Amino acid sequence: PRLGAPLEPGRLRLDSGLAQIVFYNGARVAIEGPAVIQVNSSTEATLDRGKLTAEVPPQARGFRVVAPRLDVTDLGTSFGLNIAGE
């Protein structure tokens, strides 16, 4: 993906470093590599492994992150996840 270009739904792998995804609803997700994330839609992502921090403003209420054995639907707050890979 190019910097600032819209992302289509799909799987992204970050070997190292940091990346930020800003969803159309205003939710901001920072991931730290190594990480694997699937952008499912404009309001949902799946984190397979890695560290994720999400900032969800009130207008993005209902933003969802799915992870192994975990499903988080945010109500307009901030949260973080650390999913260990295999």
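This briefing walks through the overall build of the protein chain and then a handful of its residues. The model is a predicted one, so please read every value below as computed from that prediction. The protein chain holds seven strands and zero helices, and its radius of gyration of 12 Å agrees with what a compact globule of 86 residues would have. After the overall picture come a cis peptide bond, a positive phi angle, and five residues with their surroundings.

**Overall build**

- Followed along the sequence, the elements of the protein chain read β-β-β-β-β-β-β.
- The C-alpha trace of the protein chain spans about 35 × 30 × 20 Å along its principal axes.
- For 86 residues, a compact globule would be expected to have a radius of gyration near 12 Å, and the 12 Å of the protein chain agrees with that.
- Among contacts with a separation of 6 or more in the protein chain, 31% join residues 24 or more positions apart.

**Surface and charge**

- Buried residues make up 35% of the 86 in the protein chain.
- The protein chain has an accessible surface of about 5,500 Å², and carbon and sulfur atoms contribute 50% of it.
- There are 9 positive and 9 negative side chains in the protein chain, and the centres of these two sets are 2 Å apart.

**Backbone features to look at**

- Between Gly33 and Pro34 the peptide bond is cis, with omega near 10°; Pro34 belongs to strand β3.
- Arg69 has a positive phi, near 60°, although this residue is not a glycine.
- Arg69 sits in the loop that links β5 (64–67) with β6 (70–73).
- Is Arg69 buried or exposed? Arg69 counts as exposed because its relative accessible area is 86%, and the cut-off for exposed is over 50%.

**Strand β2: Ala19**

- Ala19 lies in strand β2, which covers residues 18–22.
- With a relative accessibility of 28%, Ala19 is classed as partly exposed.
- Beyond its neighbours within four places in sequence, Ala19 makes contact with Leu14, Val29, Ala30 and Ile31.
- One of these partners, Ala30, is 11 residues from Ala19 in sequence, with the two C-alpha atoms 5.7 Å apart.

**Strand β3: Val36**

- Val36, like Pro34, is found in strand β3.
- Val36 is buried because its relative accessibility is 7%, and a residue counts as buried when that value is under 20%.
- Which residues does Val36 contact, leaving aside neighbours within four places in sequence? They are Arg11, Leu12 and Arg13, together with Thr46, Leu47, Asp48 and Arg49.
- Leu3 is 33 residues from Val36 along the chain, and their C-alpha atoms are separated by 18 Å.

**The loop between β2 and β3: Asn25**

- Asn25 is placed in the loop between β2 and β3, the latter spanning 28–41.
- Although Asn25 is in a loop, this residue is buried, at 17% relative accessible area.
- A polar atom of the Asn25 side chain lies 3.0 Å from the backbone nitrogen of Ala27.
- Not counting residues up to four places away in sequence, Asn25 touches Ser42, Thr43, Gln59, Ala60 and Phe63.
- Of these, Gln59 is 34 residues from Asn25 in sequence, while their C-alpha atoms are 6.7 Å apart.

**The loop between β6 and β7: Gly76**

- Gly76 is in the loop between β6 and β7, with β7 running over 78–83.
- The relative accessible area of Gly76 is 27%, which makes this residue partly exposed.
- Gly76 touches Val56, Pro57 and Arg61, setting aside residues up to four places away in sequence.
- How far apart are the C-alpha atoms of Gly76 and Gln59? They are separated by 7.5 Å, and the two residues are 17 apart along the chain.
- Gln59 therefore makes a handy place to centre the view: its C-alpha is 6.7 Å from that of Asn25 and 7.5 Å from that of Gly76.

Conventions
Residues are numbered from 1 along each chain as its sequence is written. This is a predicted model: local features need pLDDT of at least 70, side-chain atom pairs count only at pLDDT 80 or more; totals for chains, interfaces and linings use all residues. Side-chain values use heavy atoms; hydrogens and water are left out. Helices (H or I, at least four residues) and strands (E, at least two) are DSSP runs, numbered from the N terminus. Buried means under 20% relative accessible area, exposed over 50%, partly exposed in between (1.4 Å probe, protein chains only). Contact means heavy atoms within 4.5 Å. The radius of gyration is taken over C-alpha atoms; the globule rule is 2.2 Å times the number of residues to the power 0.38. Accessible areas come from the Shrake-Rupley method with a 1.4 Å probe; for residues, only the protein chains shown count as cover. Lys and Arg count as positive and Asp and Glu as negative; His and the chain ends are not counted. The place of a charge is taken as NZ of Lys, CZ of Arg, CG of Asp or CD of Glu. A polar contact is a pair of N or O atoms within 3.5 Å; within protein, one must be able to donate a hydrogen and the other to accept it, and residues adjacent in sequence count only if both atoms are side-chain atoms.
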